Amino acid sequence: MKKQTKNNLITYAIVIAAYIILEILMLTGNLSSHMKGLLVPMTYYAIIAVALNLCVGILGELSIGHCGFMCIGAFTSAFFSRATSESLPAAPRFIIALLIGIASAALFGFLIGIPVLRLKGDYLAIVTLAFGEIIKNVINAFYVGIDAKGLHFSMKSAMELNMDGGDTIVNGAMGITGTPHDANFTIGIVLLLISLFVVQNLVNSRDGRAIMAIRDNYIAAEATGINVTSYKMMAFTISAAIAGAAGVLFSHNITTLTASSQYFGYNASIMILVYVVLGGIGNIRGSVIAACILYLLPELLRGFSTYRMLIYSIVLIVMMIVNWSPKVIEWRKRTFGRIGAGRRKAA
Amino acid sequence: MALLDVNNLCISFGGLRAVDNFNITIEKGELYGLIGPNGAGKTTVFNLLTGVYKPNEGIIRLDGEDITRKSTIEINHAGIARTFQNIRLFKNMSVLDNVKVGLAERYKYSSIEGILHLGKYKKIEKEMDDEAERLLKVFDLDGEIETNASNLPYGKQRKLEIARAMATNPKLLLLDEPAAGMNPNETGELMDTIALVRKEFDMTILLIEHDMKLVSGICEKLTVLNFGRVLCQGETRQVLADPEVITAYLGE
């Protein structure tokens with residue numbers, strides 16, 4: 001078996017093992033209700049970290065507006081689920097909502113990619129940052145209602161919808177209330193596995209190699225006959241689509257969905273970038289592990305109350321040193337490498 | 001018919017005439033050298049031939065096909081591959097993957113098949129692996145297919161860059177100062193590699209070089225550029241004996 005294939009299988013195995021352990025803990029009643037509430041968010045943060053790693057690590061373009069795509073996925077899917085919450089049964093409704101969320105995030109990824117991917121480095125980061133904020137603010141001023149005559153839109157207030165009775169679904173800054181809770185931990189894990197499958201397989205295909213070639217040297221990539229623009233668009237769109245899937249999980253796990261800074265602002269986008277950087281840029285498995293640990297950590301540290309964020313930042317620094325410092329990497333190789341070598345000899 | 005036929009090629013950057021009335025005709029199978037002092041416009045000619053710059057005037061024909069204003073990608077697909085003066089490898093990819101990027105145009109499967117690893121994926125990937133390994137064997141790099149390109153020694157990086165260019169199955173190979181930064185031993189080895197490429201693939205090569213030992217050793221014909229103009233053109237021996245060429249290189 002190829003080294004790469006083996007590596008991919010290990011990643012799936014880690015996710016499935018973590019799922020089984022957590023399910024057993026849940027069934028035997030060893031998980032507090034607080035912890036249970038953290039499981040779905042953990043999966044969607046892992047998914048969006050995978051999506052961002054495709055953009056930052058594999059394509060090599062720094063995006064700090066990925067929460068914008070998550071926001072689009074969340075709102076379009078929640079809109080659909082809320083509008084059809086009485087007319088459709090849960091399973092098909094969620095599947096359609098998921099497809100809608102993914103498709104709209106992908107569409108926005110594609111449209112934004114057209115101007116944005118002409119930029120490089122810092123400029124791309126600035127534009128994606130602005131994009132994330134724009135999405136959030138537009139949705140905050142967006143009113144959509146539905147009545148017997150059909151859909152009504154307004155950018156002013158709920159009154160401006162001029163509705164004949166009916167139902168206001170998106171209520172400006174108050175967002176969407178009453179989205180059915182269709183997401184659960186199992187669905188989250190399945191979506192995470194699918195995202196991993198898509199990204200890891202992409203990396204090991206013709207398209208993936210072209211994308212990485214662009215990252216490493218786009219002049220040489222062009223001279224080797226690679227269509228730089230279309231491959232960039234492809235990677236960016238897939239990345240946005242996966243972020244959209246994370247958004248669908250997000251919106252189907254909470255009752256009131258608002259486009260707040262806490263979840264969709266630049267702070268949230270940078271948080272996800274932190275997961276990607278600390279997990280290792282271009283290292284998909286690392287992103288998943290870093291996202292899970294770093295998402296759970298602040299919650300687990302609640303016992304330290306005031307010192308919580310202090311300890312969290314120390315952990316970030318330690319992770320940075322362990323993962324990236326050349327001296328520490330050398331030390332790790334010396335200490336753990338020998339054990340590995342010994343085992344290999346024994347085998 | 002000549003493989004490469006360039007007629008009256010001109011380009012200006014602002015007021016500077018970087019390449020002026022450049023003509024060259026390369027027959028199939030020839031090893032042609034392009035030489036000249038620093039700043040003569042040699043790399044500019046390469047960039048014109050590969051579509052990085054678009055010429056103000058002139059026409060470039062490859063195998064009878066007009067490729068004058070085509071993009072870099074289209075020109076590569078038409079059959080010109082190149083290497084760079086400062087090596088441009090895909091640094092964080094393995095030696096094998098570097099070559100497989102070059103093979104991508106000839107070994108195709110759809111993106112969906114690529115993402116799902118279904119359909120033609122397995123078969124074509126296998127064919128690509130075999131072809132890449134065969135190619136790397138020619139360049140004596142088959143022992144290092146899993147190595148990261150950036151971890152190769154300098155001489156081997158040069159070879160890998162040529163291997164990657166050859167993977168696109170070109171009609172014409174452009175080498176931009178392949179011996180730059182090499183010691184005499186490495187240069188000797190590089191000359192063997194170039195000779196081997198010609199023999200193995202029946203390749204037509206145009207190269208820029210400063211190393212006169214290499215130029216006089218392997219090039220059959222030469223064009224000398226000075227201040228963007230062709231100073232002298234013809235058989236290597238005659239060109240290197242030309243008093244004007246000697247003046248341009250050594251001064252009066």
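# Interfaces and local features of a predicted two-chain model

Modeller: In this predicted model, chain B and chain A bury about 2,400 Å² between them, and carbon and sulfur atoms give 58% of that area.

Colleague: Which three residues of chain B supply the most of the area it buries against chain A?

Modeller: B:Ile73, B:Phe90 and B:Ile115 do; together they supply 23% of the area that chain B buries against chain A, more than any other three residues.

Colleague: And how many residues does each chain put into the contact?

Modeller: Chain B contributes 32 residues and chain A contributes 27 residues.

Colleague: How many salt bridges does the rule find across that interface?

Modeller: The rule finds one salt bridge between chain B and chain A. The partners are A:Arg209 and B:Glu125, whose closest N and O atoms are 2.9 Å apart. In general terms, side chains of opposite charge can pair when their charged atoms come close.

Colleague: What about residue pairs in polar contact across the interface of chain B and chain A; how many are there?

Modeller: There are 13 such residue pairs, with both residues at pLDDT 80 or more. On the side of chain B that touches chain A, at least two residues come from each of α2 (72-78), α3, α4 (111-116) and α5 (121-138) of chain B. By class, that side of chain B has 13 nonpolar, nine polar and ten charged residues.

Colleague: Let us turn to chain B by itself. Into which domains is it divided?

Modeller: Domain 1 of chain B covers 1-79 + 170-252, and domain 2 covers 89-169. Taken over C-alpha atoms, the centres of these two domains of chain B are separated by 27 Å. Their contact takes 21 residues from domain 1 of chain B and 13 residues from domain 2 of chain B.

Colleague: What area is buried between domain 1 and domain 2 of chain B?

Modeller: The figure is about 1,400 Å², of which carbon and sulfur atoms give 70%. On the domain 1 side, B:Pro170, B:Thr193 and B:Phe201 supply 33% of the area that domain 1 of chain B buries against domain 2 of chain B, more than any other three residues.

Colleague: Which residues form a salt bridge there?

Modeller: B:Glu189 pairs with B:Lys159, with the closest N and O atoms 3.1 Å apart. The count between domain 1 of chain B and domain 2 of chain B is one salt bridge, and there are four residue pairs in polar contact, both residues being at pLDDT 80 or more.

Colleague: Which element gives the most to the domain 1 side?

Modeller: Several elements take part: α2, β7 (172-176) and α7 (184-201) of chain B each supply at least two residues of the side of domain 1 that touches domain 2. Of the elements on that side, α7 of chain B gives the most, with eight residues. By class, this side of domain 1 of chain B has eleven nonpolar, four polar and six charged residues.

Colleague: Now the backbone. What is phi for B:His117?

Modeller: B:His117 has a positive phi of about 55° although it is not a glycine. B:His117 lies in the loop between α4 and α5 of chain B. A positive phi also appears at B:Glu177, near 45° and again in a residue other than glycine; B:Glu177 is found in the loop between β7 and α7 of chain B.

Colleague: On to salt bridges in general. How many does the structure hold over all chains?

Modeller: The structure holds 25 salt bridges over all chains. One of them joins the side chains of A:Glu61 and A:Lys232, at 3.2 Å from N to O.

Colleague: Why does that pair tie together parts that are apart in sequence?

Modeller: A:Glu61 lies in the loop between α2 (33-58) and α3 (66-83) of chain A, and A:Lys232 lies in helix α9 (residues 228-251) of chain A, so the pair ties together parts that are 171 residues apart in sequence.

Colleague: One last topic, confidence. What does chain B average in pLDDT?

Modeller: Chain B averages a pLDDT of 90, and 99% of its residues score at least 70. Among the elements of chain B, helix α10 (residues 243-250) has the lowest mean pLDDT (80), and helix α3 (residues 95-103) has the highest (95).

Colleague: And what is the average for chain A?

Modeller: Chain A averages a pLDDT of 88, with 97% of the residues scoring at least 70. Over residues 340-347 of chain A the pLDDT is below 50, and beyond near neighbours in sequence this stretch has zero contacts in the model.

Methods:
Residues numbered from 1 in each chain as written. Chains lettered and ligands numbered in written order. Heavy atoms only, no water. pLDDT = per-residue confidence, 0-100. Helix = DSSP H or I, 4+ residues; strand = E, 2+ residues; numbered from the N terminus. Contact = heavy atoms within 4.5 Å. Buried area = accessible area lost by both parts, 1.4 Å probe. Salt bridge = Lys/Arg side-chain N within 4 Å of Asp/Glu carboxyl O. Polar contact = N/O pair within 3.5 Å; in protein donor to acceptor, adjacent residues only side chain to side chain. Nonpolar A, V, L, I, M, F, W, Y, C, P; charged D, E, K, R; others polar. Domains from an automatic or database assignment.
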